[in-house]
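Work through the exercises below with the coordinates open. Each one sets a task and then solves it in steps.

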Amino acid sequence: MTTAPNTVLLVEDNEDNRIIYATALRFAGYEVIEAITGTEGVHFARTRRPDLILMDISVPELDGWEATAIIKADPETKHIPVVAVTAHALPGDEARSRAAGCDGYLAKPIAPGKLLVEVDRWFGRTTSSYTPARSQDSSTNPPR
Ligand code: MN
């Protein structure tokens, strides 16, 4: 059976963020694989072959840049788009993410609705089924 690409590997060590993002993605119809460390992220990229990877940069063991470089050096996984998600938001972070092989870049804090818009864009989907809550974009800083 062939199904449309819909699997997102979420690499995020902060439990609150992981639950919020995973819940939002599942609500929008995505299958979500959760990983806490960069090492787990590389492992699930290889074993589960997700269609998209959301990669928190600040994760234990391997950081998100190191994990991305490994994924992009592996012929079996290098085709998978990796979107870096960083709380650093330092000048140069985006360039460093690109250098590591990341295909996209998002700066935290990112509201769940905004995340869904970005993920939908990668899958070529419209976002008409839900409306990002504008008030969430100006919420106080979530845990990182
Ligand atoms: Mn983190």
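**Exercise 1. Compare the span of helix α1 with the expected span, then find which of its residues are buried.**

Solution. The model is predicted.

Step 1. Helix α1 covers residues 15–27, 13 residues in total. From its first C-alpha to its last it reaches 18 Å. That is close to the 18 Å expected at 1.5 Å a residue.

Step 2. The buried residues of α1 are Asn17, Arg18, Tyr21, Ala22, Ala24 and Leu25. Viewed down the axis of α1, they fall within an arc of 165°, so they line one face of the helix.

Step 3. Turn to the face pointing away from the buried side. It carries the exposed residues Glu15 and Phe27.

Step 4. List the packing partners. The buried residues of α1 pack against β1, β2, β3 and α5 (112–122).

Step 5. Check both ends. At the start of α1, a side-chain oxygen of asparagine 14 comes to within 3.1 Å of the backbone nitrogen of aspartate 16. After α1 comes glycine 29, with a positive phi near 100°.

**Exercise 2. Find where the buried residues of α2 and α3 sit around each helix axis, and what they pack against.**

Solution.

Step 1. Take α2 (38–48). Gly38, Gly41, Val42 and Ala45 are its buried residues. They cover an arc of only 100° around the axis, which puts them on the same side of α2.

Step 2. The buried residues of α2 pack against β1, β2, β3 and α3. Just after α2, arginine 49 has a positive phi of about 50°.

Step 3. Take α3 (64–73). Here Gly64, Trp65, Ala67, Thr68, Ile71 and Lys72 are buried. Down the axis of α3 they fall within an arc of 160°, so they line one face of the helix.

Step 4. The buried residues of α3 pack against α2, β3, β4 and α4. At the start of α3, a side-chain oxygen of aspartate 63 comes to within 2.9 Å of the backbone nitrogen of tryptophan 65.

**Exercise 3. Identify the elements that supply the largest nonpolar core, and trace the contacts of methionine 55.**

Solution.

Step 1. The largest nonpolar core has 19 residues. Leu9, Val11, Ile53, Met55, Ile71 and Val82 touch the most other members.

Step 2. Assign the core to elements. β1 (7–11), β2 (31–35), α2, β3 (52–56), α3 and β4 (82–86) each supply at least two of its residues. α3 gives the most, with 3 residues.

Step 3. Now methionine 55. Leave out residues up to four places away in sequence. Methionine 55 then touches Val11, Gly64, Ala67, Thr68, Ile71, Val82, Val83, Ala84 and Val85.

Step 4. Look for another core. A second, separate one holds 18 residues, including Leu10, Ala24, Leu25 and Val83.

**Exercise 4. Sort three of the structure's salt bridges by where their partners lie in the chain.**

Solution.

Step 1. Start with the total. The structure holds 10 salt bridges. Side chains of opposite charge can pair when their charged atoms come close.

Step 2. Glutamate 12 and lysine 108 meet at 2.9 Å, N to O. This pair links distant parts of the chain, 96 residues apart. Glutamate 12 lies in the loop between β1 and α1, and lysine 108 in the loop between β5 (104–107) and α5. Both glutamate 12 and lysine 108 are buried. Glu12, Asp56 and Lys108 are linked in a network of salt bridges.

Step 3. Lysine 72 and aspartate 103 also form a salt bridge, at 2.9 Å, N to O. This pair too links distant parts of the chain, 31 residues apart. Lysine 72 is in helix α3, while aspartate 103 is in the loop between α4 (93–100) and β5. Aspartate 103 is partly exposed, with a relative accessible area of 31%.

Step 4. Arginine 121 and glutamate 118 meet at 3.5 Å, N to O. They are 3 residues apart in helix α5, so about one helical turn separates them. An α-helix has 3.6 residues a turn, so residues three or four places apart point the same way.

Step 5. Classify this last pair by accessibility. Arginine 121 is exposed, at 56%. Glutamate 118 is buried, at 15%. The cut-offs are over 50% for exposed and under 20% for buried.

Technical notes:
Residues are numbered from 1 along each chain as its sequence is written. This is a predicted model: local features need pLDDT of at least 70, side-chain atom pairs count only at pLDDT 80 or more; totals for chains, interfaces and linings use all residues. Side-chain values use heavy atoms; hydrogens and water are left out. A nonpolar core is a set of buried Ala, Val, Leu, Ile, Met, Phe, Trp, Tyr and Cys residues joined through side-chain atoms within 4.5 Å. Buried means under 20% relative accessible area, exposed over 50%, partly exposed in between (1.4 Å probe, protein chains only). Helices (H or I, at least four residues) and strands (E, at least two) are DSSP runs, numbered from the N terminus. Contact means heavy atoms within 4.5 Å. The expected span of a helix is 1.5 Å times one less than its number of residues. The arc is that of the directions from the helix axis to the C-beta atoms. A polar contact is a pair of N or O atoms within 3.5 Å; within protein, one must be able to donate a hydrogen and the other to accept it, and residues adjacent in sequence count only if both atoms are side-chain atoms. A salt bridge is a side-chain nitrogen of Lys or Arg within 4 Å of a carboxyl oxygen of Asp or Glu.
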